[in-house]
Structure formats: C-alpha cells, structure tokens
Amino acid sequence: MNKKEFIRVTLFLCLFSTSAFAQKHTIHGYIKDKSNGEALIGANIMVKGTTTGTVTNPYGFYSLSLESGNYTLVVNYMGYQEEEKLIELNGDITYSPELDITSELMDEVVVTAQAKNENIVSAKMGVEKLSGRTIERIPVLLGEADVMKALKLLPGVVSTGEMSSNLSIRGGARDQNMILLDEATVYNASHLLGLFSVFNNDAIKSVEMYKGSIPSQYGGRISSVIDIRMKEGNAKQISAVGSIGILTSRITLEAPVVKDKASILVSARRTYIDLIMKLMHKANSTVPELPYFFYDFNAKANYTINEKHRIYLSGYFGRDVSRFELNEDNTQTNEWGNYTATFRWNYMISQKLFANVTLLASNYNYLIESKSVYGEDKKEQAFAWKAFIKDYSAKVDFNHYLNPSNSLKYGIGTTYHDFNVADIEGNMDTLKFDFRLPKYYSLESSAYISNVQKMGNNLTFDYGLRASMSQNLGSGTVYKLENYEVTDTIKYKRNEIYKSYYGIEPRFAATLVIDNQNSLKAGYSRTVQYVNVASNSNAGTPLDVWMPVTPNVKPQSGNQLSVGYFRNFFDNILQTSVEVYFKKMNNQIEFREFSNPYFNPQIESDFRFGEGRAYGVELMVKKAEGKFTGWISYTLANSERKIKDIQEKDWFPSPYDHRHNVSVVTMYDFTKRLSVSANWVYMTGQPFDAPAARWQYGNIILPYYNGKNGSRYPDYHRLDLGVELKNKPIRKFNSSWTFSVYNAYNHKNANLIYFEPEGNNVTKAYRYAMLQRIFAVSFNFNF
C-alpha cells in the first residue's frame, strides 16, 4: 500500500463516519452499580418482548432510538438484579438506572462480566471476560490474585514459561499481545522475573481479552488485545480493601470527593522479601540477605462536570528493585519498571453521539549499575546500563448510535515512540568507556470505522476497516544490509522521515442466532504490528530490547479466520462453545544462532525473517453463576514457522507450540463463610533444541542439532487448591482467611533442561524444577 492509497482510505473513513440516520426519539443514559456508582461495561438494555436493544460502552453509556409509543425496558447484567421500567416515549429522555447486586449472589462467584446471553447474541467471538471476584478466587502461586495467571487458564492461551507473566495466544509470540491498562500500553507485565504480574487485582474493574475477531478500534499487535480497566473509585461512600500475605501486602482506598459526582481511588502493593530476609539474617548470620522488593501504585480520579462532560485521570507506577551492598565500597543496583498515565474526557455531543478524547503516556525502563573500590590505592570501577521505551499518544473515539440496527464506532489516533535500546558507560581506573546503541524514533498513526448492524432478529454483522501507518523519524543511523552484511551507513537529521509503512486492516464478524440459546459465528481479521521485541529468550526478561520497524525490518502482519458454535443451557447458566481458527503470520523474526541482542549496534543483521501459521480447536464449558462455578477448556493446536536460513525448506514447531492444553477451574461455596476452589492444568511440553549427537576433537566437544525445535520438554501438569474462610463481620468490617497450595501433588515440572558430558562419548540430560509444592496464607479485609 502506498501513501496516496492510505490517504484515500483515511479520508473515506472520516467522511463516511459523519453520516447519520434520522430517528424520532432517543433514550440515553448511564448504567451503574448502585452500591458504588461504578459504570457497568456491557450491560444489556432491551425492549421487552423484542430483540431491539443495545449494550453499554466502556464508560457505561448507552443510546437507543425508537418511534413514539409506550415501551417496557429491561436492564440486566450478570450478577445483578434485573430492572424493568415502563417508558412513555414522546420525546428524547434520559434514563440512568443503578442496579443492585442479586442478594443470593452477594457471596457467590460470577465468572463473567457481561449480559447473561451476551455470548450468544454478540457478533464478537474469540473474546474472554473475567470478573475481579473470579480472579480473586482462583488459587495461584503464593496466594496473590493475578490477572495474567488467570488468563492462562482460558482456551487458546498458554504460558511462555511457568515463571513468566508473558502469554502466547493462539500460537503467537509474546510480543504480539497488546496489553492495555486504562488504554495505556504496558510493555513488561512481570514482577519478580514473572512470578507476579504488575496488576493489583484490587484496583482492577474489568478484564477483556480479544484473541479472534479483534475490533477495529484496536491495532498494533497481531495476536491479541488484553484490555484492563481500573476501577473509578466509590462515588457513594468511603471504602477500603486489602490483604496481608506471606510475601506481599496491598491496600486500596476509594472515596467520594463530591458524592455521585467525583471520586478517587488509590492502591498500593509491596513485597517484603528484603525485610524478612534481613530479620532472618540478624537472627542467624548464616542466612543470606536478599535485598529485593517490588512495589505498585495505582491512582484514579474522575469528575462528572454535568450530564454531557466527564473527565478521568489515572496512573500506574511500579518497580522492581534489587540492591546488593557487599560493603560501603561495593554496591550493585538492578531496577526495572513501568509507569503509565491516562487522561480521558467523555463528551456526550448529542443523545446519539458519544466522544472520548484520550491522552496517554507509557514508559518501561531498566537500570543496571555497579560501583566498586578495590586495592590499597582505592581504585574505582563503575558500570551503568540504561534503556527505555517511551510512548506518548493522543486519540479521539466516537460512539454513534444511528438507530436500533446500526451502531457506529470511529476514531483517529497517533503514538510517538522513543526507543533507547541501551546506554552503557563506566570506567576502570583511568579508562573510561561510553557505548551507546542506536536510538529509534517513530510515529504510529491510525484511523478506523466499524459498524454493528442487525439484520432482522437473528443476524448481526460487526464489520470495519482500520488504516494504519508507521513512520521512522530521525535523528538516527541506518545500516544498509545485503545478505546480512552492512554495505553502507546512512545518517538522518532530527525529525526527518526516512521510511514509512502503510497498512489496511479489514475486520469482519457475523452471528446467526438460531434461538435464545444457540448461535453460529464467523470472523476474519487482518492486523499489522509496527514494534517488535528483539530477544532470543522465549519467556522474556526484564532486559528485553524493543524496537520499531525499520528499512531493514518490515511490519509483521496476521490474517486470522475463525468459526464457532455457541450453546447455552438452563437459562444461560451453563455456557458451551467450540471455536476453530486458522492464523497466517508474515514477516516473523528469529535470531541467527549464537547472536547477542544486547551489545550489537548492528542488531538487524542478526535477524532472519519468514512466515508462521497457527491453527486449532478450542472447546469451553462454563457455569456462569451459582454456588458451584467454573469452567473446563481444551485446546488442540499447532503453531509452526518457516524462516529463511533456518531449516529453510521445512516448517518447524514454534517455541509456543503446545499440541494439547487442558484447564479445569472449579469454585464451590459450601456456606456463606466457607468456599473452596481448585484448578488443574495440563499441556504438552514446549519445543526446544536438544543435541542429537556430538562431535569431539581433542578436548573440544561440539553438539550436533538435528532440526529446529526438534525435541520437547516433558508434559506439564499441576493441581492448585484454595480455601476461603470468612470471619463474622464486625459492623462494616469484613475479613477472611485464604489458604492455598500451589502444585498440590508436587509434580516436578521442568523449568530448565541442560546437558552435561559424562564419561566417554556420553552426554546426559538433566532437568531443573524450581516451583514445587508451595503453601500460602493471606488475611483479607474490606470495609
């Protein structure tokens, strides 16, 4: 696609988005939780006895246009009491109901955050939603509720490593997932090398993952979008929730500033591994200190100026810190972390047109620093390695409710990327060094439009188009490559555009509702990705190097086709589905053998490019509410790659190829005070390179590999158990104890396989299992 074609498509989107269909009268408003004023995302509002209706947007807003007359509106949301309202419609009106939590469900789990039969009637497929309560109940490592660990239990999702928060979704790489926190990009979602994620569950309102038909408003990654929204803050009364665990504690406070108009939320979490080990060291000097900790801080404020205007300001700041002090002259510091900031202005332009203006900032950075003094003459040695990726974004999105049969979304946005791959400086005695890898700057822009169109009572289409563009900006140095060798060096001035890429990304989904409990769905999406992680680690590390597309590195693209059948039972309480998908991926990146991405200013010469494909079947059975809840999922999948100069003629398993993947998640409430939970997971071992033979020349032993990723780790399986015991309330103070066991039957899953020569012509394989049976307990409270 060239520049002229991109401009034509963008202008078409802007012009088409201004069209509107006249309607006589409009009912509009917001749907909220009565207890705290939080907007309910995806709540259903229907005209009783018809299929006419709509759902709320991410800010709880809806708009429904009808002819004059009398109507009974039905509002429902999973886990809340249904509300009916008789409306006499002879002009535009505002109706903003506040729903009560269903009394019998106040102490039970609701495993989805949506309307009861949303999975049947929605045109979306390949979408997974989780409530905060479900995430909280799933037993996980060290008892810490974790969004990313919960997502690993869903069909089509596998972990890139047991000690990692990174995900492979439908056979894609870990950098092909767009992770958003209040719409700001999170580049590294891990704490403690992946044992925890950066998301404090107490501050999270909703989690929505798109892995199939990705809506047109999302772009930038080719495998999935994980959209995480923070709570807005209790607008009714002061409230608090917290937990004290064996390694971490957290506290979240919410309060109205102006009742029903303005509220704030602040949330903090910290580990105290360093403090525990320090106390143990004081008691027994043979126990080493471990000066490591991480912390998170979330904050959000919102203010309703009037019915038409609302503003939101939210932020996240988290960091891992490790400081070793051998003595006052010898120290080493390792730090890494994210911060994000989001400003949003909601503007209800009319009863049918809702606008959202958003400003975003995101920063992931790390620092490795050491200082030492040695020798009698106190010679000094110092080393510092700094790197970061910064994003600054602006976008405008519109929801245009044309009529009951057509709902438009359209918008534009742009992101400025600033990549500092590495600045390394230091000194040894009088020798000083300053080594800097190339910096990258790029501008990523997009425009989109989509429409949800209902054709009668049973057929719904969700179709759209996204136009995207990436431009490399100076100042910068570009190495011209031929056959992976540098043939020329070109320097560009500041803000000079030296390379542009354009992409057209059609999206389409359709739903045929057979009846209230059966539907067939199909979808297609094309996605384009303009940033990549340059790392030869499949699991990910805090030192991951991110970089944009360049004249030598083309954008990744993905084309995915999926079909599915959805069937509900027992008034939508039991939900089942089967989805089949095929995904083709272009311009996939692998490193050549023995490459080092960290200290190579010509890193692009180590890239090897090719294609990928992934296909599979996902089965899901889910019980959505009641005393006994949970789900069973099974995925049969295949993920392969073909890379030039790496096993060139044949497809080979990608590092994310897990043929079989099973998750069983159960939660049961025995009484209002006692509940238990369990999850069992099984998956085929991941592929890796294992030596098939060895060559020996004198004292030198060289391994021989027969095919890329030709061997596999042993199959992985694990059982986790949890018990929650609630204490008797003391006035408004509620508390509970949570006990959990990770890997209850102590299966030694391999985290690492390594090879060592033993004797003459013998090489033995050894496996290392780090996470075996682990017990945890935590005290939880709220008021």
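**Pairs, sheets and rings: why the labels apply**

Biologist: What makes strand β1 (residues 25–30) and β8 a pair?

Modeller: β1 and β8 are joined by two bridges, in the parallel sense. Two strands pair if DSSP finds at least two bridges between them, so the two bridges of β1 and β8 qualify. One of the matches is His-28, whose bridge partner in β8 is Thr-94. Strands here are DSSP runs (E, at least two residues; helices are H or I, at least four), numbered from the N terminus.

Before we go on: this is a predicted model, where local features need pLDDT of at least 70 and side-chain atom pairs count only at pLDDT 80 or more, while totals for chains, interfaces and linings use all residues. Residues are numbered from 1 along each chain as its sequence is written, and side-chain values use heavy atoms, leaving out hydrogens and water.

Biologist: Which strands are the edges in the sheet β5-β1-β8?

Modeller: That open sheet has three strands and mixed pairing. Its edge strands are β5 (61–66) and β8 (93–94), each of which pairs on one side only.

Biologist: And why do β4 (53–55) and β7 (83–89) stand at the edges?

Modeller: Their sheet is open, with four strands in the order β4-β3-β6-β7 and antiparallel pairing. β4 and β7 each have a single partner strand, so one side of each has no neighbour in the sheet. Neighbouring strands are turned by 20° against each other on average, direction ignored; the axes are lines fitted to C-alpha atoms (for helices, over the stretch in contact), with angles from 0 to 180 degrees between N-to-C directions.

Biologist: How do you know that β6 (residues 69–76) and β7 pair?

Modeller: They have seven bridges, in the antiparallel sense, and Val-74 stands opposite Glu-84 in β7.

Biologist: What joins β20 to β21?

Modeller: A hairpin, through two residues. β20 (residues 239–245) and β21 (residues 248–258) share six antiparallel bridges, with Ile-244 opposite Ser-249. Ser-249 also has a bridge partner in β22, namely Arg-270. Ten bridges join β21 to β22 (residues 262–271), again antiparallel.

Biologist: Why is the pair of Tyr-187 and Trp-546 called edge-to-face?

Modeller: Rings of Phe, Tyr and Trp (its six-membered ring) pair if their centres lie within 6.5 Å; planes under 30 degrees apart are stacked, over 60 edge-to-face, the rest tilted. The centres of Tyr-187 and Trp-546 are 5.0 Å apart and the planes are at 75°, so the pair is edge-to-face. The two residues are 359 residues apart along the chain.

Biologist: What makes Tyr-416 and Tyr-441 stacked?

Modeller: Their planes are 20° apart, with 6.5 Å centre to centre, and 20° falls under the 30 degree limit.

Biologist: Why does Tyr-441 count as buried, or Tyr-416 as partly exposed?

Modeller: Buried means under 20% relative accessible area, exposed over 50%, partly exposed in between (1.4 Å probe, protein chains only). Tyr-441 has 14%, so buried; Tyr-416 has 26%, so partly exposed. Trp-546, at 10%, is buried too, as is Tyr-187 at 9%.

Biologist: And Phe-670: why is that partly exposed?

Modeller: Phe-670 has 49% relative accessibility, so the label is partly exposed. Phe-670 sits in the loop between β44 (660–669) and β45 (674–683).
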